[in-house]
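Visitor: Please take me closely through one part of this structure, and then through the residues that can be followed outward from there. I would like the cut-offs stated as you go.

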Amino acid sequence: MTRDRRATAPLPELRPDVARFLGYYNRLPGPPQEELGPEAARQMMRAARDLTDPPIGPLGFDETFIIKGPAGPIPARRFDPREQREAGPVVLFFHGGGFVIGDIDTHAPVAAEMARVLDLPIVSVGYRLAPEHPWPAAPDDCEAAARWLAEQTGTTELIVAGDSAGGTLATVTAMALRDRPTAVPVMAQGLLYPATDMARAHPSLRDFAEGYFLTRAMLDWFVACYAADLSDVRAAPMRGALAGMPPAVIMTAECDPIRDQGRAYAAALAKAGVAVSFREARGTIHGFATLRKAIPSGAADLSAFLLALKAMIVEAQAISPMGQ
């Protein structure tokens, strides 16, 4: 990983609720997640969900099912605010967790909120996790899920979305479907604090290496577990050709070690002629969308992101032949 040698700038001020959460989190006893091993870290994330995130909330439809994948069954969960729905766009959501932790249940509250705000069905994908299933197992599963969903009756367009590692997988999936189109188009990308090029150490990786929830040590552990070829576009989409990618809504967190990857990806998309709506949540940290109970201000950030994505979807539908 290359290192950034530019001079440091004053660090941004944390919001009060973010500072309170970090004060509590950084004093917790016990070893950090990266020292626990994958399964213990997964159990910790599952156990923490109800403490850090709101309840799933009301829905018209919530069903767990299986998608046939390239190496076996892929768990999936469909969230819809409506009990019945006509044909239309479907959002494919990929959860975060560094490709090592997280699942369709840990991220159920954010997927459910996405369904309500967008008023669209959300299909959340439980792709295979590293280190038991290193790269490219995750992108293989995500592409397979996208191609399966595109073939289903009632799917007219796809939107790919994800947080953190899930944002990476959403981008990689959009790239795969651009290069080998499926039955329906991908009309938008919705990316929360995505990792797009883990081979480069941007300034934010240095500035927020410790004490900001996601740490440099944890990132290094995720990268080692994932065991990806970081020169390959399926691991680092920033390294690929971006022309012809779907329009994107990208939100980063100001106090996040991978913040600059999201910034760089937004700029690269714009340079390639792709429509981009970029926002940065000031004074907050990586993971705010799944910490809304612990960091209440994250609810407004998630809402801003989803409303921007909703506006982009409406605009894309207006100009799409399928929407006319």
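Guide: For sorting residues, Ala, Val, Leu, Ile, Met, Phe, Trp, Tyr, Cys and Pro count as nonpolar, Asp, Glu, Lys and Arg as charged, and the others, Gly among them, as polar. This is a predicted model, in which local features need pLDDT of at least 70 and side-chain atom pairs count only at pLDDT 80 or more, while totals for chains, interfaces and linings use all residues. Residues are numbered from 1 along each chain as its sequence is written, and side-chain values use heavy atoms, with hydrogens and water left out.

The part to look at is the second largest pocket (on a 1 Å grid over the protein atoms alone, an open set of points where a 1.4 Å probe fits, with protein on both sides within 12 Å along at least five of seven lines). Its volume, the space filled by probe spheres set on the points, is about 180 Å³. The lining, meaning residues with an atom within 4 Å of a point, divides into four nonpolar, four polar and four charged residues; among them are Arg42, Arg46, His95, Asp103, Tyr127, Arg128 and His133.

Tyr127, one of these lining residues, leads inward to Leu169, which is in contact (heavy atoms within 4.5 Å) with Tyr127 and also with Phe94, Phe99, Ala138, Pro139, Cys142 and Tyr226, leaving aside neighbours within four places in sequence. Leu169, Phe94, Tyr226 and Leu269 are among the residues that touch the most other members of the largest nonpolar core, which has 58 residues; such a core is a set of buried (under 20% relative accessible area, 1.4 Å probe, protein chains only) Ala, Val, Leu, Ile, Met, Phe, Trp, Tyr and Cys residues joined through side-chain atoms within 4.5 Å. A second, separate core of 34 residues includes Val110, Ala112, Leu120 and Ala281.

From Leu269 one can turn to Asp256, which is 13 residues away in sequence and 21 Å away in space, C-alpha to C-alpha. Asp256 lies in the loop between strand E7 (248–255) and helix H8 (259–271), helices (H or I, at least four residues) and strands (E, at least two) being DSSP runs numbered from the N terminus. Asp256 counts as buried because its relative accessibility is 0%. A polar atom of the Asp256 side chain is 3.0 Å from the backbone nitrogen of Ile258, and contacts beyond four places in sequence include Tyr193, Phe208 and His286.

Note on methods. Buried means under 20% relative accessible area, exposed over 50%, partly exposed in between (1.4 Å probe, protein chains only). A polar contact is a pair of N or O atoms within 3.5 Å; within protein, one must be able to donate a hydrogen and the other to accept it, and residues adjacent in sequence count only if both atoms are side-chain atoms.
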